[in-house]
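Student: Please take a close look at one part of this model for me. I would like the surroundings of the ligand, and then some helix packing.

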Amino acid sequence: MTQLNDQLVRDMVEKVLQTIQSGWGSRQAPTPGKSAPPPVTVGYAPVHAAGAATGAAPRLGQFTSVDEAVAAAQAAQAALARRSLAQREEICNVIRRICIDQAEELGRMEYEETRIGHPPHKGPKMATVGKVVQGVEWYRTQTGCFSGDHGITLEEHGPWGVIAVVTPVTHSLPTLACNAVQIIAAGNALVCNPHPSGKKIAAHGAKLFNQAIYDRFGIDNLICVITDPTIESANALFRHRDIPLICVTGGPGVVAAALKSGKRAVCAGPGNPPVVVDASADIDNAARCIIEGATFDNNLLCLSEKEVFVEAPVYESFMAAMEKAGAVRLTAQQMNELGRICLEVPPEGHAHANKKFVGAEACVLAQQIGLSVPPSCRLLFGPTTADHPWVQAEQMMPCLPVVKADTFEQAVDMAKQAEHGFGHTAVLHSRLVDHMTAMGKAMNTTLFVKNGPSVAGNGAGGEGYASFSIACTTGEGITTPLTFTRFRRCIMVDNLRIV
Ligand code: NAD
């Protein structure tokens, strides 16, 4: 039998107080996991009786030293571990609420710092974190139970502790906020080494989130940020002995560094999503969807359409449909000319984007070759060969190469080659189920979108939840709170079964 002692009594009293204060007893049914809206509590009173502020000014997650950041996050995680699931959910909702309420302002600040992408898309991107990223409600549905002659077994998903996070310049604060909601929902704290070119907005966002969490719950530093991040500080974080798990979102360099660390790493690496349009497709819908996906935030998304392979019989009608839907058609010669300016082709290795043009507006790209297109034009496109740098590079700018394929099979072969085995995203426009099955198997990507824009694969227009970290490299896929947990099993042998 359990012996009562002072600590046990204190813990019990704290739990009861938390339940009363949160207004949500632990027996309330969990919200179903799928696309749960953020139930937000507003106008709340502080409930930080336990683990409350010590009198020292809060750091709000702002650190220059990796060691100090990890130590502070560890203390925050220990405080979080003493709180109820209901409070954890409220903490996630505080972050989500800020992402929704301050979306426009935060999006504007992100653009002012990074100067990449399409400004009107920054706010909606920020708000996505508040709307479709999974929190505690997802985590709570994943508990398993077994009851039988040999007693009771309970399977749970526990926290790791402090998780190291690296975020890309393309979505600095959205990625940090998304990772924070999921990581905290799973009971962890995090230390983020943001991209140096998005460090101010990452630090500002973390400050806002931490301040709101501190005011309401008295826990400081759940979300720590290295305010002057470098490759060295990222590697120091990866190697830190109190970091058991790493989550990186970025290109091949950071993925390689994380995997070299000797730690378990969730790697949301690069993509180069190909689109195949076969002869059976609804061509007008294909053109509209491709423009929608490829132009979101000027093609900064890792899952956005990057090159198109079209079956010969519908090639001309597809090109005409793209023009009709508002994209500006370039000639093969203009594609070559623009490619020489916007892409870099090293003597060895893959072609890649010239950073100067990543996320630029279509009209700015057009200017580079003396072409005047109105600012309302969102996409340039034009014919290339399959081995062209426009096809091979992850360009992250609104200019799409289109390749004519003799057959559907050839289109899929070329798409597979262009995807480089990243296993990220592929898109098909077709009415033939056999083609869908064949391409799905051949591509073997994390996301395989049919007859819609690429973004439908990540909660925008298709079913399902979303994340800013699609862990294609290491196989976790679209991250959820479960991605940041350890599996644990609790077994009572030959007892406790009450039926
Ligand atoms: P990037 O690789 O240049 O930088 C990403 C992050 O990694 C930055 O914080 C950077 O400072 C850090 N970094 C880079 N090299 C490193 C190294 N050797 N050691 C430690 N840290 C290192 O990428 P970016 O330009 O910021 O973002 C665009 C890339 O991210 C694209 O390749 C895109 O596909 C990818 N991305 C993937 C996802 C996904 O969910 N799979 C989401 C967004 C972006």
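Tutor: What follows starts at the ligand and then turns to two helix pairs. This is a predicted model, so to speak of local features requires pLDDT of at least 70, side-chain atom pairs count only at pLDDT 80 or more, and totals for chains, interfaces and linings use all residues. Residues are numbered from 1 along each chain as its sequence is written, and side-chain values use heavy atoms, with hydrogens and water left out.

Start with the shell. There are 29 residues around the ligand, each with a heavy atom within 4 Å of it. Thr167, Gly251, Gly269, Glu394 and Ile470 come nearest. By class, the shell has 15 nonpolar, 13 polar and 1 charged residues. Here Ala, Val, Leu, Ile, Met, Phe, Trp, Tyr, Cys and Pro count as nonpolar, Asp, Glu, Lys and Arg as charged, and the others, Gly among them, as polar. Helix 9 (231–239) and helix 10 (252–260) each supply at least two shell residues. Helices are DSSP runs (H or I, at least four residues), numbered from the N terminus.

Now the polar contacts, meaning pairs of N or O atoms within 3.5 Å. A side-chain N or O atom of Glu394 is 2.4 Å from a ligand oxygen. A backbone N or O atom of Gly269 lies 2.8 Å from a ligand nitrogen. For Ala268, a polar backbone atom is 3.5 Å from a nitrogen of the ligand. The protein buries 87% of the 840 Å² that the ligand exposes when taken alone; these accessible areas come from the Shrake-Rupley method with a 1.4 Å probe.

Next, the helix pairs. Helix 7 (residues 172–185) and helix 8 (residues 199–217) cross at roughly 35°, and their axes come within 8 Å. Axes are lines fitted to C-alpha atoms over the stretch in contact, and angles run from 0 to 180 degrees between N-to-C directions. Ser172, Leu173, Leu176 and Ala177 of helix 7 touch Ile201, Ala202, Gly205, Ala206 and Phe209 of helix 8, with contact meaning heavy atoms within 4.5 Å. That contact has 7 nonpolar, 2 polar and no charged residues.

Helix 3 (residues 85–101) packs on helix 5 (residues 119–132) at about 145°, with axes 7 Å apart.

Notes
A polar contact is a pair of N or O atoms within 3.5 Å; within protein, one must be able to donate a hydrogen and the other to accept it, and residues adjacent in sequence count only if both atoms are side-chain atoms.
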